[in-house]
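Student: I would like to go through this model with some care, beginning with its overall layout and then staying with one part of it. Please take a close look at that part and connect it to its surroundings.

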Amino acid sequence: MSSLILAWPIALPLLTALAAIAAGRPSVVRRWAVGCSAAVQLALALAIAAHAYQGTPLVLALGGWAAPYGIVLVGDLLAGIMLALGAVTALASLLYGFAE
């Protein structure tokens, strides 16, 4: 699995928020897009957790800089579990909000 998957849990919500703002007024299409984005976010979190559970954490050095000078994203088991918990909570809140 590519370590670039670690950048998607950061980029996906930002891109979804920009698309939702650009879409304008609330609509069914916008709700579906946000719901699908939250489901993909959960799938990404579970994929990171599953990969870390196998024993090897994912490491992504942003910009190619080493740890003391750059930002390094690490996808270990704790990070995967926390991402999954956040994604489940966000998806549940989103679905509850759609019901009203």
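In what order do the elements of the protein chain run from the N terminus on? And, within helix 1, which residues are buried, and which are exposed on the other side?

Tutor: This is a predicted model, in which local features need pLDDT of at least 70 and side-chain atom pairs count only at pLDDT 80 or more, while totals for chains, interfaces and linings use all residues. Residues are numbered from 1 along each chain as its sequence is written, and side-chain values use heavy atoms, with hydrogens and water left out.

From the N terminus on, the order of elements in the protein chain is α-α-β-β-α, made up of three helices and two strands (DSSP runs numbered from the N terminus, with H or I over at least four residues for a helix and E over at least two for a strand). The C-alpha trace spans about 45 × 25 × 20 Å along its principal axes, and of the 100 residues 26% count as buried (under 20% relative accessible area, with exposed meaning over 50% and partly exposed lying in between, for a 1.4 Å probe and protein chains only). Among contacts (heavy atoms within 4.5 Å) with a separation of 6 or more, 69% are made by residues 24 or more positions apart.

Turning to the part you asked about, helix 1 covers residues 8–23, and its 16 residues reach 21 Å from the first C-alpha to the last, close to the 22 Å expected at 1.5 Å a residue (1.5 Å times one less than the number of residues). Its buried residues are Pro9, Leu12, Thr16 and Ala20. Seen down the helix axis, these buried residues of helix 1 fall within an arc of 60° (taken from the directions from the axis to the C-beta atoms), so they line one face of the helix. The general geometry is that an α-helix has 3.6 residues a turn, so residues three or four places apart point the same way. On the other side of helix 1, Leu14, Leu18, Ile21 and Ala22 are exposed. Helix 2 and helix 3 are among what covers the buried residues of helix 1, and just after helix 1 glycine 24 takes a positive phi of about 85°.

One residue of the buried face deserves a separate word. Alanine 20, which lies in helix 1, has a relative accessible area of 15% and is therefore buried. With its neighbours within four places in sequence left aside, alanine 20 is in contact with Arg30 and Val34. By contrast with those contacts, its C-alpha is separated by 22 Å from that of leucine 83, which is 63 residues apart from alanine 20 along the chain.

Leu12, one of the buried residues of helix 1, also belongs to the largest nonpolar core (a set of buried Ala, Val, Leu, Ile, Met, Phe, Trp, Tyr and Cys residues joined through side-chain atoms within 4.5 Å), whose eight residues are Ile5, Leu6, Leu12, Leu44, Ile48, Leu58, Leu60 and Leu73. Two or more residues of this core come from each of helix 2 (28–53) and strand 1 (58–61). A second, separate core has seven residues, including Ala38, Ala45, Ala84 and Leu94.

From the largest core one can follow leucine 73 into the strands. Strand 2, residues 72–75, has Leu73 and Gly75 on its covered face and Val72 and Val74 on its uncovered one. Strand 1 and strand 2 run antiparallel and are joined by four bridges (strands pair if DSSP finds at least two bridges between them), and leucine 73 in strand 2 is the bridge partner of leucine 60. Apart from neighbours within four places in sequence, leucine 73 is in contact with Leu6, Ala7, Ile10, Leu58, Val59, Leu60 and Leu62.

The two helices that help to cover helix 1 can be placed in turn. In helix 2 sits histidine 51, which is buried, with a relative accessible area of 14%, and which touches Met1, Thr56 and Leu58 when residues up to four places away in sequence are not counted. Helix 3 has 23 residues and reaches 33 Å between its first and last C-alpha, close to the 33 Å expected at 1.5 Å a residue. In helix 3 the buried residues are Gly80, Ala84, Ala87, Leu91 and Leu94, and they pack against helix 2. Glycine 86, also found in helix 3, is partly exposed, with a relative accessible area of 38%, and its C-alpha is separated by 8.4 Å from that of leucine 42, which is 44 residues apart from glycine 86 along the chain.
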